[in-house]
Amino acid sequence: KTTGGYGLYYQQNTGSGAHIFATTTATGSADGTATFSETLRITSAGLVGIGTSGPSELLHVEGPAINFMVRSTLASSATSIKWGNDLNNKSTEMWVNGSTRSSDGGASAFNIYQSAAAPIRISTNGSHAVTIDSSQRVGIGVTGPTKSLEVAAGATSGNGILVTGSSSPQILLTANGSVSIQMQADSAAGYFGTSTNHPLNF
């Protein structure tokens, strides 16, 4: 190796059957000793480790700062990641549109897509948080929402729905685009009534 050169080292471990790839910036004179650092390993079980010598998944990546880049250079297309199960090879997708794509939300839109008649669920702190079911009903703290939006406040005092704003925030209920009930607040008072000149029945 020459000073400042680069080296690639490959080894098949006869004990574990793993394939090991290592790299180095070699120092010293030609044919001198160089120290190599393992960068990638393929175990005998087919597990791939990058930055780890003991991968526990099909692809296991470790390091002080991990970033993945998937990018399409075609402006009219999209960059996607697809997941499939035993019934469908691409039942769930996430993608970002190119800068000139007009479909699926338009230019640079980010999409999450579920092709199966199954919910999308989000959990946090080990507990279920949000469900979007196959009928597009949304449940917050609810695993089986029965309305377009269902919120479970739970047993904690003060939980609920909060709408804030600096310029008269409001909640508006509209039927068929003609009858509207409005709740609104400003810095002086709160208001409740119809905003379409219809009666308000109790």
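How many aromatic pairs does a search of the whole structure find? The search returns 2 aromatic pairs, one of which is shown in the first view below. The structure is a predicted model.

**View 1. The aromatic pair of phenylalanine 192 and phenylalanine 202.** The ring centres of phenylalanine 192 and phenylalanine 202 are 6.3 Å apart, and their planes meet at 50°, so the pair is tilted. Phenylalanine 192 belongs to strand β15, whereas phenylalanine 202 lies in the segment after β15; the pair therefore ties together parts that are 10 residues apart in sequence. Phenylalanine 192 is partly exposed, at 48% relative accessibility. Phenylalanine 202, in turn, counts as exposed, with a relative accessibility of 87%.

**View 2. The open sheet of β13, β14 and β15.** An open sheet is formed by 3 strands in the order β13-β14-β15, with antiparallel pairing. The edge positions are taken by β13 (170-175) and β15 (190-194); each has a single partner strand, so one side of each is left without a neighbour in the sheet. From one strand to the next, the twist averages 5°.

**View 3. Pairing of β13 with β14.** The antiparallel pairing of β13 and β14 extends over 6 bridges. Leucine 172 is placed opposite glutamine 182 in β14. The hairpin of these two strands has 3 residues between them, and asparagine 176 adopts a positive phi near 55° in this hairpin.

**View 4. Pairing of β14 with β15, and the two faces of β14.** Strand β14 (residues 179-185) pairs with β15 in the antiparallel sense over 5 bridges. The hairpin that joins β14 to β15 runs through 4 residues. Two facing positions illustrate the register: isoleucine 181 stands opposite threonine 194 in β15, and alanine 185 stands opposite glycine 190 in β15. In a regular strand, side chains alternate between the two faces of the sheet. In β14, the covered face consists of Ser180, Gln182 and Gln184, while Val179, Ile181, Met183 and Ala185 make up the uncovered face.

**View 5. The surroundings of threonine 52.** Threonine 52 is placed in the loop between β4 (48-50) and β5 (59-61). Its relative accessible area is 12%, so threonine 52 is buried. The side chain of threonine 52 reaches the backbone nitrogen of glycine 54 at 3.1 Å. Leaving aside residues up to four places away in sequence, threonine 52 touches Glu38, Arg41, His60 and Glu62.

**View 6. The salt bridge of glutamate 38 and arginine 41.** Both of these residues are touched by threonine 52. Glutamate 38 forms a salt bridge with arginine 41, in which the closest N and O atoms are 2.8 Å apart. Glutamate 38 is partly exposed, with a relative accessible area of 32%, whereas arginine 41 is buried, with a value of 13%.

**View 7. Further salt bridges.** Side chains of opposite charge can pair when their charged atoms come close. The count for the model comes to 3 salt bridges. In one of them, the side chains of aspartate 104 and arginine 101 meet at 3.2 Å, N to O. Aspartate 104 is partly exposed, at 36% relative accessibility. Another salt bridge joins the side chains of aspartate 133 and arginine 137 at 2.9 Å, N to O. Here aspartate 133 is buried, with a relative accessible area of 14%, and arginine 137 is partly exposed, with a relative accessible area of 30%.

**View 8. Positive phi at glutamine 136 and serine 168.** Most residues other than glycine have a negative phi. Glutamine 136 has a positive phi of about 65° although it is not a glycine. Glutamine 136 is situated in the loop between β10 (127-132) and β11 (138-140), and it is exposed, with a relative accessible area of 58%. Serine 168, which is not a glycine either, has a positive phi of about 50°. Serine 168 occupies a position in the loop between β12 (149-151) and β13, and it counts as partly exposed at 29% relative accessibility.

Conventions
Residues numbered from 1 in each chain as written. Predicted model: local features only at pLDDT ≥ 70, side-chain atom pairs only at ≥ 80, totals over all residues. Heavy atoms only, no water. Buried < 20%, exposed > 50% of the residue type's maximum accessible area, 1.4 Å probe, protein only. Polar contact = N/O pair within 3.5 Å; in protein donor to acceptor, adjacent residues only side chain to side chain. Contact = heavy atoms within 4.5 Å. Pairing = 2+ DSSP bridges. Axes fitted to C-alpha atoms, helices over the stretch in contact; angles between N-to-C directions. Salt bridge = Lys/Arg side-chain N within 4 Å of Asp/Glu carboxyl O. Phe/Tyr/Trp six-rings, centres within 6.5 Å; stacked < 30°, edge-to-face > 60°.
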